[in-house]
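Reader: I'm new to this and would like to learn how to read aromatic rings in a protein model. Can you walk me through one?

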Amino acid sequence: MKRETPNLPRSLPYPETTMFGAVAEAARLYPDSIAWVFMGKKTKYSRIIPLFEQAARAFAAAGVQRGDFVTICMPNCPQAVICLYALNRIGAVANMVHPLSAQGEITHYLTYSGSKMMLTLDLFYEKSSAARDAADPHIPLLVARMQSELPPHLALAYYAVKGKDFHRFPNRAGDLLWTDFVKTGGNTPLPPVEYDPQRTAVMLYSGGTTGTAKGICLSDFNFNALGMQIRECAGCDFRPGLKFLSVMPIFHGFGLGIGIHTVLENAATSILIPQFTNDSYAKLVKQHKPNFIAGVPSIFESMIHNPAMEGADLSCLIGVFSGGDTLPPQLKEQADQFLREHKATVQIREGYGLTECVTASCVTPVDTYKRGSIGLPLRDMAYKIVEPGTFRELPRGEEGEIILSGPTLMLGYYKNEEQTEETIRTDGDGTRWLFTGDIGTIDADGYVYYVRRMKRMIITNGYNVYPSQLERELDQHPDVHMSCVIGVPHQQRGQMVKAYIQLEPGVAPTKEEHDKLMAFCRHQFAGFARPREIEFRESLPLTLVGKVAYHILEEEAAEK
């Protein structure tokens, strides 16, 4: 997918190489630094490039070529990182998928991308195998085991508690353990590293600004530019040896763009966390004393109320970043107080962005905070407030649509030229602008304020959920006459997904019916998007034109 390069001046020295090339340069300069830590096991930079190239040879030997898609359906663990950069080394595309996606969703992602292979964890093998069979039974599954990357004592404990239940996988001809697969490359020659700023390197998924799930095509240049921008705004010399607690997942722009690639591009250390829990998070913070932590607001809500954080010394922190959802001013104040009480000298910094520009493109400055503001644009990012859907810029202080431009703008939506042209538009000067679908303002000092979304959307734990998508699926169930999905306030998640359902005549609102529809939701929707509550109604409120008046249900929920 080709797009013109944004016609904006650039003041940072963005590396003109692939993602692999950027990390390889960091490894060349700092071979003895630690690239990542996983459950206590450390891996140096001198080791990671051979790991990447060994896996790259295996993919090349298997026939994966430049431009081919391979799906990575994994949590934050070394095999996922190795696979990502191995694919990048040979010019293939990493198709990043949430491992807790519903089976039907994984089938869609495989079919949509035309993936040649798929990497998943043994815990997800049965679901992934069924999803593969529905897409194309000839797609090989590569199966990683968590214990393969654990220190010996933890590997044994993990196997005894959980790993033994999945040791029979893979159990189908053609599927391979990751540890066996990477040995198949032998001396297969690798193609030269070819850099093309218009090549899709990674595809992430998002509802985008239109509410329809689609693939977002991101380039090597997008990720490398983000790494330089975050380094510049970090508030310190982003040097080797600094540690970043990577709790945001690798299939998320926040997790991959900052927690993985920004860290590795700058020769720092990524502490990989495969699953967030309150206790494990507190333990890792105390154990590793990270210099940077980042997450969605719910993580900080959990942190400040977690008894396990009592006595934690946070003087190690240089940067604390919140993104993925609006950070309520009250929570920021509580978090800042918590940080001060635990010897930290920094404030929590809020970021704003979309997957269409990888992740954050606007961040609160190091030492300045304006209540309710999402901060200032990152270096080389431009923000405007315009009359929605147009280029007509509005005066400072007036509400309008937020549009932005800069080096991290996506190449476009995969196989969706129409929505690409609707979301990314070029002005008369030849500059590409992303129309976010968000309403905001910019004050006289250039600080940006997010006000609300233009379209219906629920943000739960930092993930976008589009009610119309869920309603379409629910309404197709034979027992459902009409549905309405809303987000209800939730202390930790920000919002919780709730479905109101009017059943077909003759269908009784019993517990059995409730359980039946919840089971349907578990099959159809990813865990983060699944309704946590279903409420039956004899009828749903309607507008004058016969549409469900969702705002009435939202008002009811807000009053409870």
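Author: Sure, let's start with F69, which is buried, with a relative accessible area of 9% (buried means under 20%, exposed over 50%, partly exposed in between, using a 1.4 Å probe and protein chains only). This is a predicted model, where local features need pLDDT of at least 70, side-chain atom pairs count only at pLDDT 80 or more, and totals for chains, interfaces and linings use all residues. Residues are numbered from 1 along each chain as its sequence is written, and side-chain values use heavy atoms, leaving out hydrogens and water.

Reader: How is a pair of aromatic rings described?

Author: By the distance of the centres and the angle of the planes. Rings of Phe, Tyr and Trp (its six-membered ring) pair if their centres lie within 6.5 Å; planes under 30 degrees apart are stacked, over 60 edge-to-face, and the rest tilted. There are 19 aromatic pairs here. In one of them, F69 and Y414 are tilted, 5.1 Å centre to centre with 50 degrees between the planes. The two residues are 345 apart in the chain. Y414 is buried too, at 16%.

Reader: Which residues form one aromatic cluster?

Author: F69, Y109, Y112, Y205 and Y414.

Reader: Which ring does the charged end of K214 sit over?

Author: The ring of Y413, 4.7 Å from its centre. To count, NZ of Lys or CZ of Arg must be within 6 Å of the ring centre and within 35 degrees of the ring normal. R425 likewise lies over the face of F435, at 4.4 Å from the ring centre.

Terms used:
Helices (H or I, at least four residues) and strands (E, at least two) are DSSP runs, numbered from the N terminus.
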